[in-house]
Amino acid sequence: MQSRPPNADQMTKSDTPYAAVMARISQAARAAARDPQEVRLIAVSKTFGPERIEPVIAQGQTVFGENRVQEAQAKWPGLREKYPDIELHLIGPLQSNKAADAVGLFDVIHTVDREKIATAIAKEMAKQGRSPQLFVQVNTGGEAQKSGVDPREAAAFVARCRDEHGLDIAGLMCLPPFEENPGPHFALLRKLAAEADCPLLSMGMSADFETAIEFGATHVRVGSAIFGERHKPA
Ligand SMILES: *Cc1c(COP(=O)(O)O)cnc(C)c1O
C-alpha cells in the first residue's frame with residue numbers, strides 16, 4: 001500500500017496542512033532526483049483522537065503512526081473497521097510484555113532494538129500467524145536516554161535478528177538528537193543500512209523530513225506539521 005496522492009477532487013483542498021506536507025515531500029524527492037512514490041508518509045497521530053484523524057483519512061492518507069501500544073489499541077480498532085485500508089506503524093519503544101499486542105495490531109514495527117524484543121516478536125509472529133514488517137532502531141546519537149542499538153552493533157544485531165530469530169528486517173530507523181544537525185545522523189543510518197543490507201530507511205520528522213528525503217528516507221514520520229501542536233505529552 002502506498003500513501004496515495006490526493007485525487008483531483010481533493011486537490012481543491014490543497015491549502016490543508018496535510019496537502020502542504022504531501023507537496024513538500026514531492027518537491028524534496030524531485031530535488032533529490034528521486035521518485036516521490038518511493039517516499040512513504042507516516043502521519044503520526046499520537047495524542048490525537050479520531051475527530052482529528054478522520055479528516056486526514058478523508059484526504060487520502062492511509063498510513064498512520066503511533067508511539068504507544070495502549071493508546072493505539074484504544075483508538076485504532078474502531079477506525080479500522082470503518083477504514084479497512086489503514087496501515088498502522090508502531091514508531092515508539094516496545095516493551096516485551098506488549099509484544100503480543102503490538103504484533104496483533106501493527107502492520108509495521110520500527111523499534112526492534114534488543115535481543116529480548118526480537119525474541120518476543122518472533123514468538124508472537126509464530127503464534128499469531130502475523131508478520132509485520134520490521135525495522136531496527138539505531139541510536140545514532142549514542143544518547144543514554146534513547147532507545148536503539150549502538151551504531152557499531154547495528155549490522156551484527158540485524159544479522160542475529162535474521163539468523164537466530166528468523167526475522168526479516170526490512171530497514172533501519174533513527175531519531176537524531178533534538179538539538180543537532182540531523183544530516184550526519186541520516187547519512188550514518190543510510191551507510192549502516194547499506195552495510196546491513198536493509199533497503200528501507202525510516203527517518204525524518206516535521207522539522208527535518210526534507211533533509212531526510214535528501215539522504216534517502218523511504219519512510220518519513222510526520223506529526224505536528226499535519227495535525228498541529230500536541231498539547232498532551234507524547
Ligand atoms: C512523535 C514522533 C514523530 C513525529 O514528530 P513531529 O515532530 O510531530 O513530526 C516521529 N517519530 C517518532 C519516533 C515520534 O515519536
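This passage describes the overall fold, one helix, the ligand site and two unusual backbone angles of the protein.

The structure is a predicted model, in which local features need pLDDT of at least 70 and side-chain atom pairs count only at pLDDT 80 or more, while totals for chains, interfaces and linings use all residues. Residues are numbered from 1 along each chain as its sequence is written, and side-chain values use heavy atoms, with hydrogens and water left out.

The protein contains 10 helices and eight strands, taken as DSSP runs numbered from the N terminus (helices: H or I, at least four residues; strands: E, at least two). Its radius of gyration is 17 Å, close to the 17 Å that the globule rule gives for 234 residues, so the protein is as compact as a globular protein of that length. Here the radius is taken over C-alpha atoms, and the rule is 2.2 Å times the number of residues to the power 0.38. The C-alpha trace spans about 50 × 40 × 30 Å along its principal axes. Of the 234 residues, 52% are buried (under 20% relative accessible area, with exposed meaning over 50% and partly exposed in between; 1.4 Å probe, protein chains only).

Helix α3 (residues 50-58) offers a neat local picture, with Ile53, Val56 and Ile57 buried. These residues lie on the same side of α3 because they cover an arc of only 105 degrees around the axis, as judged from the directions from the helix axis to the C-beta atoms. Their cover includes α2 (17-31), β2 (63-66), α4 (69-82) and α10 (224-227). After α3 comes glycine 60, with a positive phi near 110 degrees.

Turning to the ligand, the residues around it (a heavy atom within 4 Å) include Val44, Lys46, Ile91, Met173, Arg221, Gly223 and Ser224. A side-chain N or O atom of arginine 221 is 2.9 Å from a nitrogen atom of the ligand. Backbone N or O atoms also approach ligand oxygen: one of glycine 223 lies 2.8 Å from an oxygen atom of the ligand, and one of serine 224 lies 2.8 Å from an oxygen atom of the ligand. Taken alone, the ligand exposes 390 Å², of which the protein buries 90% (Shrake-Rupley areas, 1.4 Å probe).

Two loop residues deserve a look for their backbone angles. Most residues other than glycine have a negative phi. Alanine 33, however, has a positive phi near 55 degrees; this residue is in the loop between α2 and β1 (40-44) and counts as exposed at 74% relative accessibility. Aspartate 197 likewise has a positive phi, of about 60 degrees, and is placed in the loop between α8 (183-195) and β7 (200-202). With 59% relative accessibility, aspartate 197 counts as exposed.

Notes: Contact means heavy atoms within 4.5 Å. A polar contact is a pair of N or O atoms within 3.5 Å; within protein, one must be able to donate a hydrogen and the other to accept it, and residues adjacent in sequence count only if both atoms are side-chain atoms.
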